[in-house]
Amino acid sequence: MVSYVSALLYGVGGLVVAGMTLLVALQERLVYVPVLPGLTKSYPITPARLRLTYEDVWLQSSDGVRLHAWFIKLFPLCRGPTLLFFQENAGNIAHRLEMVRIMLQQLQCNVFMLSYRGYGASEGYPSQHGIIKDAQVALDHLSQRTDIDTSRIIVFGRSLGGAVGTVVAKNNPDKVAALILENTFTSILDLVGVLFPFLKWFIGGSGSKGPKVLNFLVRSPWSTIDVIGEVKQPILFLSGLQDEMIPPSHLQMLYAKAAAHNKRCVFVEFPTGMHMDTWLAGGDDYWRTVQEFLQQHVPAKKDDESSHSDSVILDVGAK
């Protein structure tokens, strides 16, 4: 019996040590994936391929890293809302162009697409602190432009981009008019327990159980759940219930935390939406949801009508 218990303890200890080693050595490769398997770091296409009116924008982050972005307009003099789009962790902005093309048409908007450091044509290497700097310089650039309505800048983030966007919205209540989050996680700390169940007792977010003694090993925690309650702007949560990457419960928890402090929150579920295709699976209902949110909370002329809206949860079936 003693030898059996000892073997079991050694086995568990071995798993934990192996998990720690993997976490330390490969964590940033798991969090940030600028190059998809079998592809190159460069953009496979540009907006010109889809006949979109766009501008190559080069920025310098506050720590000197040179960044690339595309500013895509519905048409040259479009004064509609401008969406600052923050992408997921894998691939580059070119892989989102088809979605953005439809976004422009459906929302009658402009879209600014930032390549995080280490992604696409941007220099440097990705990290949480670095990407937050990158996002801030992108917003500052948009806020200083004279060819858009700077009172109608909306941050749109999907997955990792939602974590980025939440920080930017919280830090810039005077520059960001609204926030849209799609299939975003509560924190990387909580995702570790999803990807590596045997580590969930040692690594976790502020609401998880266990001693969490290994949290210090995670260099990019992205604890959105600890930031979302400080966002004062209207927030739209878009949840794909078939998300195979991030449990939908993560976005539900983010909504609950936000709505406890912010009455201008809307949560919408799309039953057939997966992690990357909720916009496609949701079809017209998806775009109508976003349109209605923008019309209510970011109208062409500023007014106080949005102040009376209550937090709501909707269940939208894909057509």
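Is Trp 222 buried or exposed? In this predicted model, where local features need pLDDT of at least 70, side-chain atom pairs count only at pLDDT 80 or more, and totals for chains, interfaces and linings use all residues, Trp 222 turns out to be buried, with a relative accessible area of 1%. Residues are numbered from 1 along each chain as its sequence is written, and side-chain values use heavy atoms, with hydrogens and water left out. Buried here stands for under 20% relative accessible area, exposed for over 50%, and partly exposed for what falls in between (1.4 Å probe, protein chains only).

First, the overall layout. The protein chain holds seven helices and nine strands, taken as DSSP runs (H or I of at least four residues for helices, E of at least two for strands) and numbered from the N terminus. Of its 319 residues, 52% count as buried. Contacts (heavy atoms within 4.5 Å) lean on distant parts of the sequence: among those with a separation of 6 or more, 75% come from residues 24 or more positions apart.

Back to Trp 222, which sits in the loop between helix 5 and strand 7 (235-240). Neighbours within four places in sequence aside, Trp 222 is in contact with a string of residues including Tyr 32, Gln 128, Ile 131, Ile 132, Val 164 and Phe 185. Leu 160 is another of these partners; its C-alpha atom lies 8.3 Å from that of Trp 222, though the two are 62 residues apart along the chain.

Trp 222 also shows up in the largest nonpolar core, a set of 55 residues in which Phe 86, Phe 112, Trp 222, Ile 228, Ile 235 and Phe 237 have the most contacts. Such a core is made of buried Ala, Val, Leu, Ile, Met, Phe, Trp, Tyr and Cys residues joined through side-chain atoms within 4.5 Å. Helix 3 (residues 128-143) gives the most to this core, with six residues. Apart from it lies another core, of 35 residues, with Ala 94, Ile 180, Val 266 and Trp 287 among them.

Next, the helix packing. Helix 3 and helix 4 pack with their axes 10 Å apart, at an angle of about 60 degrees; axes are lines fitted to C-alpha atoms, for helices over the stretch in contact, and angles run from 0 to 180 degrees between N-to-C directions. The two helices are therefore oblique to each other, the label left over once angles under 35 degrees count as roughly parallel, over 145 as roughly antiparallel and 65 to 115 as roughly perpendicular. Their crossing is right-handed, as the near helix is turned clockwise from the far one by less than a right angle. Ile 131, Ile 132, Ala 135 and Leu 139 of helix 3 meet Val 164, Val 167 and Val 168 of helix 4.

Helix 2 (residues 97-107) and helix 7 (residues 278-297) have axes that come within 10 Å and cross at roughly 45 degrees, again in a right-handed crossing. Residues in this contact include Met 99 and Ile 102 in helix 2 and Trp 287 and Val 290 in helix 7.

Finally, two backbone oddities. Most residues other than glycine have a negative phi. Ser 159, not a glycine, has a positive phi of about 55 degrees; this serine is buried at 5% relative accessible area, in the loop between strand 5 (153-158) and helix 4 (160-171). Asn 183 has a positive phi near 50 degrees and is buried too, at 3% relative accessibility.
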